[in-house]
Amino acid sequence: MADRPLVRGVDKEADDKFFKVNGQIVSGPPSQWNGPPPARECEVYIGNLPGDVFPNELLDYCKAIGYVYHLRFLKDGSVNSKGSAYVIYANNGMAEKAVASMNNMDVRPCVKITVMKAVDFLKLCSVCKARLSGWKYPINIINKNHHFVQVNGNRLFGPPSYWKGAEPPKECKLLIGNIPNDVFENEVLSLLESVGTVYQFQFMISSNGHTRGYAYCTYTNLGDAVKAIQSFNNFEIRPLSNISVVATMDNNILYAGFVALDKTGEEIYGELRKFFGGITSVAPYVIPQRNCLAIEVKFESHLFSSYARDFLLSGCVHLFGKRLTAVCWANYNSNNVATEIVEFGK
């Protein structure tokens, strides 16, 4: 499936020690390591990390692949992440497995990370420098007079004050993904307005104030929305950083796991109602291989399900004293909900 949990099994109890070295966050080498450091080909570069991914979460992802000898998490002159890191594995096989498993992985919704061998990244850097010499800023004018309001932590623009009548059809709503950390709402909105009239724009922000790497844009008509997809999907908004612009799907069903076998649908529904509104039904499914239940939760609208998904993925929701560890959108092409959640939760 395309989406993955925001924090996939991060072990906050693990004895991973981090140190600050020249402004960077470093972990390792392990105290039990004997022998020379691993060869250069064992080093992996990880890029396009969202601002709300921290060293302990990244280290947990990497350790799921193999034995990590050293991690270096890059920071700028302040406390902000540079969006990249270097990881050294114990051997070349683990490094190659990390590249194969993690490259283009959705570490956040609509934000894919880049994972490659460090030696290959250095070669790419020389290409990038050549590109920079001839690269021109893609937006001539950034409109800094947009009026944004804060709604549930996100930045919202529109609808226009002159607008009267019904909202544009749902086909006019687009998802803009893979937005780099240094690109903000005014720039993205100015770009999108260059091809049509924007009815509403929502720029997603995490709870700690970092950009989440994606946004929603609704145009006033379908023609402008189609033009935006044709013009800006795979658009290079920064050197070697391409955004995605695609139509959205109003999914109002979430899959989640896992719940104890002795709980009924009514009990689960009652617990979920303490956290979320707009729930229309809850259906439990038995997962024999895990000896527990997975649940399918239907909401009144995509808005309700979207807020619920974000909150569930934050790790703040505990049902019957246990955190839901696998949360994903319903897959309309699947006939087996339990199998979908088990695959997602691996």
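**Exercise 1. Find how strand β9 is joined to strand β10, and then place both strands in their sheet.**

Solution. In this predicted model, β9 and strand β10 (residues 154-157) run antiparallel and are joined by three bridges. One of these pairings can be followed at the level of residues, since Val-149 has Leu-156 as its bridge partner in β10. The next step is to widen the view to the open sheet, in which seven strands follow one another in the order β9-β10-β12-β13-β11-β15-β14, with antiparallel pairing. At the edges stand β9 (149-151) and β14 (235-238), and because each has a single partner strand, one side of each is left without a neighbour in the sheet. From one strand to the next, the twist averages 30 degrees.

**Exercise 2. Determine which strands helix α4 lies across, and which strands of this sheet helix α7 lies across.**

Solution. Begin with helix α4 (residues 185-193), which lies across β10, β11 (173-177), β12 (198-205), β13 (211-219), β14 and β15 (241-247), and which runs at about 150 degrees to β12. Then turn to helix α7 (residues 302-313), which lies across β11, β12 and β13 and runs at about 175 degrees to β13.

**Exercise 3. Identify the residues that touch the most other members of the largest nonpolar core, and trace the surroundings of Phe-201.**

Solution. The largest nonpolar core has 25 residues, and those that touch the most other members are Leu-192, Phe-201 and Tyr-219. Two or more residues are given to this core by each of β11, α4, β12, β13, α5 (222-232), β14 and β15. Such a grouping fits a general tendency: in soluble globular proteins, nonpolar side chains tend to be buried together. For Phe-201, once residues up to four places away in sequence are set aside, the residues touched include Phe-148, Leu-156, Val-188, Leu-189, Leu-192 and Ala-215, and also Arg-155 and Glu-185. There is, besides, a second, separate core of 23 residues, whose members include Val-53, Leu-59, Tyr-61 and Phe-73.

**Exercise 4. Decide whether Ser-84 and Ser-161 are buried or exposed, and describe where each of them lies.**

Solution. Ser-84 has its place in strand β5 (residues 81-89). Its relative accessible area is 8%, and since buried means under 20%, Ser-84 is buried. Leaving aside neighbours within four places in sequence, Ser-84 is in contact with Tyr-45, Ile-46, Gly-47, Leu-49, Phe-73 and Leu-74. Ser-161, by contrast, lies in the loop between β10 and β11. With a relative accessible area of 79%, Ser-161 is exposed, because the cut-off for that class is over 50%. Although Ser-161 and Tyr-199 are 38 residues apart along the chain, their C-alpha atoms are separated by 10.0 Å.

**Exercise 5. Work out how the buried residues of helix α6 are arranged around its axis, and what covers them.**

Solution. The first step is to list the buried residues of helix α6 (residues 265-273), which are Gly-265, Ile-268, Glu-271 and Leu-272. They cover an arc of only 125 degrees around the axis, and therefore they are on the same side of α6. A general property of helices helps with this reading: an α-helix has 3.6 residues a turn, so residues three or four places apart point the same way. The cover over the buried residues of α6 includes β16 (253-259), β17 (279-287), β18 (292-299) and β19 (318-319).

**Exercise 6. Describe the open sheet of four strands and the helices that pack on it.**

Solution. The strands of this open sheet come in the order β17-β18-β16-β21, and their pairing is antiparallel. Its edge strands are β17 and β21 (326-329), each of which pairs on one side only, while the twist from one strand to the next averages 20 degrees. Within the sheet, β16 and β18 run antiparallel and are joined by six bridges, and Val-259 has Leu-293 as its bridge partner in β18. Helix α6 packs on the sheet by touching β16, β17 and β18, and its direction makes about 130 degrees with that of β17. Helix α7 packs on the sheet as well, touching β16, β18 and β21, with a direction that makes about 155 degrees with that of β21.

How values were computed
Residues are numbered from 1 along each chain as its sequence is written. This is a predicted model: local features need pLDDT of at least 70, side-chain atom pairs count only at pLDDT 80 or more; totals for chains, interfaces and linings use all residues. Side-chain values use heavy atoms; hydrogens and water are left out. Two strands pair if DSSP finds at least two bridges between them. Axes are lines fitted to C-alpha atoms, for helices over the stretch in contact, and angles run from 0 to 180 degrees between N-to-C directions. Contact means heavy atoms within 4.5 Å. A nonpolar core is a set of buried Ala, Val, Leu, Ile, Met, Phe, Trp, Tyr and Cys residues joined through side-chain atoms within 4.5 Å. Buried means under 20% relative accessible area, exposed over 50%, partly exposed in between (1.4 Å probe, protein chains only). The arc is that of the directions from the helix axis to the C-beta atoms.
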